[in-house]
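The following report describes the architecture of one protein model for a reader who is new to structural analysis. Please keep the sequence and the structure in view while reading.

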Amino acid sequence: MRLEHLSRRLDLDLRIKREDLTDLALGGDKPRKLEYEAAKAVAADASILVTCGSTQSNHARLTTAAARKLGMKCALVLSRDRYQAFQANLLTVYLMGADVRFVETADHWDLEKHALALCDELRAVGERPYYIPVSGTTPTSCLGYVRAGLELADQLGAANVRPDAVYTPFGTGGIFTSMLLALRERGLDGSVIGVSVNARLEKCRENLERWWAGLCELLGRDPARSRGAHEICDEFIGREYGDATEGCLDALMLMAETEGILLDPVYSGKVFSGLLADHAAGRWASGQQLVFIHSGGTPAIFAYHDEIKRHLVKRGRTVDA
Ligand SMILES: Cc1ncc(COP(=O)(O)O)c(C=O)c1O
């Protein structure tokens with residue numbers, strides 16, 4: 001979909017792919033991935049899905065919803081952090097009846113051992129757990145984002161657009177890697193730009209290699225094939241994962257005030273802030289065609305109400321609430 005007001009304002013041809021509007025418990029990127037992992041769980045006759053993430057994990061929300069939709073239970077290992085209020089994504093997982101276990105850890109991307117221990121505990125009481133890794137990313141689940149990339153290519157083709165760049169989030173790198181493969185498959189050669197939300201470049205590159213190899217194997221493609229122009233940037237993370245940076249909050253405001261579209265401060269706001277920073281640095285000339293992948297995460301705005309309110313006031317908006 002073309003963002004008419006923003007295109008005019010930035011003098012670009014800017015489009016958005018609304019992955020925040022997928023059809024499961026407030027939407028986001030996960031349903032595309034979960035479609036594949038949940039099918040494996042059903043085939044394995046699982047009684048309960050087990051996964052892990054941060055306190056305000058979108059993946060936890062959507063895995064719980066997928067489990068319920070399939071008549072299964074869900075157990076979550078979440079890392080304790082300062083967003084532990086009964087609010088936003090955390091509220092939704094309790095509402096859907098997930099079994100939530102909090103652990104103390106500095107790195108919520110590294111909870112696998114806790115989740116596997118929970119699987120053992122569940123097995124001991126007669127459950128049949130199926131474990132889905134953080135962010136739902138596996139080579140199989142990435143097929144969901146290869147399909148999303150093919151869908152995007154079809155939509156762009158129908159609108160006669162060959163984008164100069166596609167901006168995606170980079171968490172585990174599942175979305176980025178799958179989109180890259182799908183767009184190249186369709187002969188679209190614009191730059192694919194991943195905005196890291198947590199990890200520094202070296203780790204991101206490691207992840208890219210891992211998912212690329214896994215996907216190429218699944219799809220029978222040569223992993224040595226050309227990937228074309230692509231880059232990952234790690235300068236928009238802020239102090240740490242989930243840091244609502246100034247640039248990110250400005251990006252949220254701009255999208256909300258010009259297009260009435262809500263971004264989140266952890267993923268989509270970071271990606272859009274990366275696009276805006278490139279634009280401000282003069283990277284894109286008048287009329288160039290850009291695509292922004294909105295991967296969802298919007299419920300997190302309710303957990304970030306303090307930061308958002310403070311920022312609105314700082315930018316001169318009146319907030320009487
Ligand atoms: C809203 C949202 N966007 C993007 C991502 C990251 O996707 P990936 O891990 O495939 O890079 C996540 C991961 O949890 C997410 O919740």
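A residue is called near a molecule or strand if its C-beta atom, placed from the backbone, lies within 6 Å of it. The structure is a predicted model, in which local features need pLDDT of at least 70, side-chain atom pairs count only at pLDDT 80 or more, and totals for chains, interfaces and linings use all residues. Residues are numbered from 1 along each chain as its sequence is written.

**The ligand shell**

Around the ligand there are 18 residues, of which Gly 171, Thr 172, Gly 174, Ser 295 and Gly 297 come nearest. Helix H3, strand S6 (165-170) and helix H7 (174-185) are the elements that give two or more residues to this shell. Here helices (H or I, at least four residues) and strands (E, at least two) are DSSP runs, numbered from the N terminus. Helix H7 supplies the largest share of the shell, three residues.

**Two domains**

The domain assignment of the protein gives domain 1 (4-26 + 138-314) and domain 2 (33-135); such bounds come from an automatic or database domain assignment. The centres of the two domains, taken over C-alpha atoms, are separated by 25 Å. Their contact takes 20 residues from domain 1 and 22 residues from domain 2, where two residues are in contact if their C-beta atoms, placed from the backbone, lie within 7 Å. On the side of domain 1 that touches domain 2, helix H6 (residues 139-158) gives the most, with five residues.

**The four-stranded sheet**

One open sheet has four strands in the order S4-S3-S2-S5, with parallel pairing. Two strands pair if DSSP finds at least two bridges between them. Strand S4 (99-103) and strand S5 (129-131) stand at the edges with a single partner strand each, so one side of each is left without a neighbour in the sheet. Neighbouring strands are turned by 25 degrees against each other on average, direction ignored. For such angles, axes are lines fitted to C-alpha atoms, for helices over the stretch in contact, and angles run from 0 to 180 degrees between N-to-C directions.

Strand S2 (residues 48-54) and strand S3 (residues 73-79) run parallel and are joined by seven bridges. Within this pairing, Leu 49 has Cys 74 in S3 as its bridge partner, and Cys 52 has Val 77 in S3. Helix H3 (residues 58-69) lies across S2 and S3, running at about 170 degrees to S2. Is strand S2 mostly covered or mostly uncovered? Strand S2 is mostly covered, since seven of its seven residues are buried. A residue counts as buried if 20 or more other C-beta atoms lie within 10 Å of its own, exposed if 12 or fewer, and partly exposed in between, with C-beta atoms placed from the backbone.

**The five-stranded sheet**

Another open sheet has five strands in the order S1-S9-S6-S7-S8, also with parallel pairing. Its edges are strand S1 (13-18) and strand S8 (230-233), each with a single partner strand, so one side of each is left without a neighbour in the sheet. The twist averages 20 degrees from one strand to the next. Six bridges join S1 to strand S9 (residues 289-294), and these two strands run parallel. One of the residues involved is Asp 13, whose bridge partner in S9 is Gln 289. Helix H7 lies across S6, strand S7 (191-196), S8 and S9, at about 150 degrees to S6.

**The nonpolar core**

A nonpolar core is a set of buried Ala, Val, Leu, Ile, Met, Phe, Trp, Tyr and Cys residues joined through C-beta atoms within 7 Å. The largest such core has 88 residues, of which Leu 49, Leu 76, Val 166, Tyr 167, Met 179, Leu 290 and Phe 292 touch the most other members. Both domain 1 and domain 2 give residues to this core, so it lies between them. Not counting residues up to four places away in sequence, Leu 49 touches several residues, including Ala 41, Met 72, Cys 74 and Ile 132.

**Three loop residues**

Three residues in loops may be set side by side.

| Residue | Loop | Other C-beta atoms within 10 Å |
|---|---|---|
| Asp 11 | between helix H1 (4-10) and S1 | 13, partly exposed |
| Ser 135 | between S5 and H6 | 23, buried |
| Thr 245 | between S8 and helix H9 (246-259) | 17, partly exposed |

Asp 11 has a positive phi of about 55 degrees although it is not a glycine. Ser 135, which is not a glycine, has a positive phi of about 70 degrees. Leaving aside neighbours within four places in sequence, Thr 245 is in contact with Phe 236, Gly 238 and Ser 273.
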